[in-house]
Amino acid sequence: MHQKHDTSGGHRLAALASGGCISRVLAVTARLGLADILDGGSMTPDDLAARTGTDRDVLLRILHVLSQYEIFERAPDGTFALAEEFTALRTDHPHSVRNRCILLAETYDDAFGALLGTTRTGRPGFDEVFGSSLYEYLEGDPDTEQVFDAAMAELARSAAEAVVEQFDFSPVRRVVDIGGGNGTVLGAILARNPHLEGVCVDRPSVCARSADRMAAAGHPHGGRLSFHPADIFESVADGGDLYLLKNVLHDWPWHQCLRILASVRNAMTHSTASRAPGAAPPRLIVLEPLLDREADSVHALFRTVISGSGAGAFETPEDMRRLLTEAGLDLLSVTGLASGHHAFECTPRIPLPSPQTGR
């Protein structure tokens with residue numbers, strides 16, 4: 001008897017439901033460094049198991065899964081190689097996503113275990129699963145924090161390239177990147193503009209680790225990049241001609257965004273007071289990926305689960321315009337970048353406007 005064709009989508013639904021398994025396979029592949037070990041070549045499961053200290057039979061199953069999804073290729077002689085399309089799994093790839101795969105498939109996937117609760121209450125699933133907010137959790141888990149920092153650096157590369165191409169840094173002498181992680185964006189800017197110096201502002205642990213890493217690398221920017229630990233809700237480094245705020249605001253609810261922008265505005269105001277008469281005021285460029293398309297719904301859901309439904313409420317340029325206005329900043333321009341970000345360029349308004357009621 002012939003089986004009836006499944007017109008209900010059952011097979012496809014089951015395949016989609018197994019996606020968590022596939023994401024974990026990718027995370028293990030990245031953790032073990034299989035793409036780096038292969039180094040563009042091919043190896044047997046026995047050799048890979050010996051190199052990674054893993055169970056050969058379990059690793060073989062993982063390799064078969066990777067082959068099924070065409071991430072790895074299996075040769076007739078039984079060896080495996082990384083498919084050319086997925087070389088971004090390598091650590092040394094210029095557009096590596098190794099750490100993003102680990103972060104998404106481990107920490108963020110764990111947070112999605114509380115998606116039902118988030119759906120019912122609007123509260124972040126991350127807090128329910130881990131018992132604290134994302135950044136509080138990172139401070140207490142060095143391994144996850146390092147993966148997170150590296151993943152953010154991977155994400156920052158496309159934005160760094162877009163910023164360097166879009167903006168003229170010739171009149172600028174000092175750039176301050178708030179929440180700049182390990183200095184990926186600043187590094188790209190300094191590389192193209194040898195007259196600049198940069199200050200990267202972030203959590204103390206991030207700054208300490210990044211400064212050590214840069215010292216070990218021999219200060220590739222000639223000592224022009226420094227790290228400034230700070231609580232950005234309270235203060236940031238002043239003395240900048242240009243301030244950057246990339247992918248920071250969408251992690252926080254409206255009232256917290258106003259606190260961050262108040263810190264930046266205060267630093268910009270102090271910088272203005274110390275400048276020569278008639279000099280142009282410091283500028284702030286806010287870089288955010290807006291959620292103004294239906295295709296952005298997955299990104300929006302991630303924000304909700306990780307940071308809460310009150311965060312990331314910037315769906316249109318008008319949302320950001322209202323936030324900046326309430327924070328006492330005058331918007332000069334809005335530019336769409338090749339990285340998918342919108343760049344909002346603004347200056348501090350003087351005098352400071354009367355306080356308004358936030359959302």
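## A helix and an open sheet

Just past helix 2, Gly33 adopts a positive phi of about 70 degrees. Keep in mind that this is a predicted model.

Let's stay with helix 2 for a moment. Helix 2 covers residues 19-32, 14 residues in total, and spans 20 Å from its first C-alpha to its last, close to the 20 Å expected at 1.5 Å a residue. Which residues of helix 2 are buried? They are Ile22, Val25, Ala27, Thr29 and Ala30. The cover over these buried residues includes helix 3 (34-38), helix 5 (56-68), strand 2 (72-74) and helix 6 (98-111).

Now for the sheet. It is an open one, built from 7 strands in the order 6-5-4-7-8-10-9, with mixed pairing. Strand 6 and strand 9 sit at the edges with a single partner strand each, so one side of each has no neighbour in the sheet. From one strand to the next, the twist averages 20 degrees.

Strand 4 and strand 5 run in the parallel sense where they pair, over 5 bridges. Asp177 has Cys200, in strand 5, as its bridge partner. Helix 12 packs on this sheet and touches strand 5 and strand 6; its direction makes about 155 degrees with that of strand 6.

Here are some of the sheet pieces with their residue ranges:

| Element | Residues |
|---|---|
| Strand 4 | residues 174-178 |
| Strand 5 | residues 197-202 |
| Strand 6 | residues 225-229 |
| Strand 9 | residues 329-336 |

As for what holds such pairs together, strands of a sheet pair through backbone hydrogen bonds, either parallel or antiparallel.

Technical notes
Residues numbered from 1 in each chain as written. Predicted model: local features only at pLDDT ≥ 70, side-chain atom pairs only at ≥ 80, totals over all residues. Heavy atoms only, no water. Pairing = 2+ DSSP bridges. Helix = DSSP H or I, 4+ residues; strand = E, 2+ residues; numbered from the N terminus. Axes fitted to C-alpha atoms, helices over the stretch in contact; angles between N-to-C directions. Contact = heavy atoms within 4.5 Å. Expected span 1.5 Å × (residues − 1). Buried < 20%, exposed > 50% of the residue type's maximum accessible area, 1.4 Å probe, protein only.
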